[in-house]
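Student: Could you take me through one part of this protein in close detail? I'd like to see how the pieces of a sheet and the helices beside it fit together.

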Amino acid sequence: MHSIQRKITLYAGGCFLLLFLALLVAIHIEMERTVVPLNESLTQQIVNARSEQISYWFQQRIGEVEMLATLASDHHLTREELLRESRKLEQRRGHDYESIRIVDLQGNSWTPDSNSFSILNRDYYKELISSNAPCVVSNVIVSRANKAEIVVILYRVEPLVHEDAAYIAAAVPIGKMKDIAQDILVYDGRGSLIVNSEFPELDDSRANMAIFTASITGVPGWKLIFQVPKSQLTQGMTKTQRSALMVGTVVGIFFLILVLLLGSSIAKPIQALRQLMRQVEDGDWSVRSNDKRRDEIGELARSFNQMLIKLYQSQQEKKEMELQMIHEQIKPHFLYNTLDTIQWMAASHDANDVVDIVESLSTYFRLGLSSGSQFVTLEQEFQHVESYLNIQCVRYDDILDYELSYDKHLEQHQIIRFILQPLVENAIYHGIKPLTNQKSKISIRAYKQGDQLIVTVLNNGVDIPKSRLASLQKTLRDGKKDRNEEIGFGLYSVNHRIKLAYGELYGLQISSGQGVTCMTINVPLGGNNSCGKS
């Protein structure tokens with residue numbers, strides 16, 4: 001009896017030992033296969049993110065200099081006039097520029113105090129002259145004025161109007177770029193190291209170092225390089241394996257019987273669910289779990305099915321909205337060129353009222369269509385809706401007036417672009433236009449309330465009927481638009497985009513009564529506010 005019991009115990013113990021050793025080997029192999037590549041991937045993502053930050057920083061500076069060049073070309077600015085405009089940019093963005101100089105066709109660089117020097121022998125000048133590029137970025141230069149490290153952005157003024165204003169040379173301190181790079185090496189387009197890290201310069205013969213690189217897309221030829229000892233990439237895996245060995249040795253034997261009894265009832269359904277997940281990863285969203293169990297595994301399977309249903313609905317809704325937005329878009333470049341032509345023709349005939357409305361329309365479309373970013377500043381969104389109101393005031397001069405106000409400290413806060421114009425359009429066509437015998441007013445105000453940004457659009461036109469108001473409020477509250485409901489795509493799109501960006505606690509609310517209709521938007525001040533070119 002005892003002999004049989006000992007044999008069973010030894011047999012079970014031997015099986016457990018073999019299983020435990022096999023498990024340790026499997027853990028080691030799996031972690032080597034997944035953890036190290038994961039750490040490498042995460043490290044590369046960090047380097048890529050730093051590269052994108054530096055690229056965006058450079059693109060901002062190049063974009064600002066490009067605006068100066070465009071202004072000089074479009075308005076035929078002389079050197080003195082262009083120097084005044086550049087001084088305004090220096091004053092407005094003083095921490096981003098050391099100086100902005102104007103270079104004439106002979107290579108002389110000028111400042112507002114008329115001091116000049118020749119840059120004919122500068123490498124960046126020669127590079128721009130020998131290429132067709134609109135601009136070049138120099139290697140790092142030590143400024144004579146304050147000994148700070150700078151790079152020079154040299155931009156062409158095309159088409160050339162005045163020979164004394166052929167190029168714009170903006171000296172940009174690289175301190176901000178160094179802050180972004182931190183412990184990462186930065187090399188310019190000529191292969192020179194311009195930002196060092198705590199590690200020595202690259203040594204390709206060092207086999208124990210892992211190297212990660214990323215190009216700075218905003219400046220051709222520039223790149224980031226990060227080197228890290230390979231031991232650091234496996235350090236976490238080693239600690240995890242050691243911990244797994246210790247914990248497994250202590251508690252493994254106590255769970256042996258439980259694993260043997262419950263293994264088949266737990267592992268199999270999880271494996272089946274995992275297989276379904278792999279099918280979903282391969283693009284098959286039609287699969288569903290058939291597990292009818294009433295325990296946690298069954299609940300997990302039902303949650304998995306619900307997740308797939310919601311993901312499919314979300315994707316379909318996104319596709320429908322993207323298609324509808326595409327149908328409403330206009331080819332911006334053709335439109336801008338046409339508007340510029342109309343404005344030039346109107347100006348040549350002294351039709352100043354036509355010039356004003358075309359300028360407002362051009363501003364409206366430039367702000368609404370040109371940027372690829374989902375987010376803009378509050379100031380830009382107000383400029384956009386003001387251009388729209390200027391146009392509508394020409395059409396409805398007898399019945400429409402407006403006012404805009406917002407706290408100045410909020411003007412650089414990022415919000416979703418193109419969310420005010422649909423509200424204003426709704427107010428005009430449904431609230432103000434029906435009252436043809438009186439002048440009504442639209443008031444738009446933005447202010448801070450706690451940790452939220454509140455934007456209100458009020459009009460003193462016709463009230464929304466109670467039945468339709470109730471239907472609007474229900475649709476906005478539920479976030480679901482039925483094809484038969486009387487709510488336009490504009491209002492639904494504004495509410496839906498806010499909820500997608502910030503969550504269900506935020507969105508659009510509408511109230512109407514006693515001659516005042518108010519549409520209120522609330523978004524978090526600390527929410528997603530990334531804004532940039534995509």
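Tutor: Let's start with the sheet: five strands make up an open sheet with mixed pairing, in the order 13-15-16-18-17. Strands here are DSSP runs of E with at least two residues, helices are runs of H or I with at least four, and both are numbered from the N terminus. Two strands count as paired if DSSP finds at least two bridges between them. At the edges sit strand 13 (400-406) and strand 17 (507-513), each pairing on one side only. On average, neighbouring strands of this sheet are turned by 15° against each other, direction ignored. For this and later angles, axes are lines fitted to C-alpha atoms (for helices, over the stretch in contact), and angles run from 0 to 180 degrees between N-to-C directions.

Before going on, keep in mind that this is a predicted model: local features need pLDDT of at least 70, side-chain atom pairs count only at pLDDT 80 or more, and totals for chains, interfaces and linings use all residues. Residues are numbered from 1 along each chain as its sequence is written, and side-chain values use heavy atoms, with hydrogens and water left out.

Back to the edge at strand 13. Strand 13 runs parallel to strand 15 (residues 440-449), and seven bridges join the two. If you want a place to look, find Leu-400, which stands opposite Ser-440 in strand 15. Now add helix 11 (residues 421-432), which packs on the sheet and touches strand 13, strand 15, strand 16 (452-459), strand 17 and strand 18 (516-524). Contact here means heavy atoms within 4.5 Å. The direction of helix 11 makes about 145° with that of strand 15.

Helix 11 has a helix partner too: helix 11 and helix 13 (residues 489-502) pack at an angle of about 150°, with their axes 9 Å apart. Their crossing is left-handed, meaning that the near helix is turned anticlockwise from the far one by less than a right angle (clockwise would be right-handed). Helix 11 brings Pro-422, Leu-423 and Asn-426 to the contact, while helix 13 brings Gly-490, Leu-491 and Val-494. By type, the residues of that contact divide into four nonpolar, two polar and no charged. In this scheme Ala, Val, Leu, Ile, Met, Phe, Trp, Tyr, Cys and Pro count as nonpolar, Asp, Glu, Lys and Arg as charged, and the others, Gly among them, as polar.
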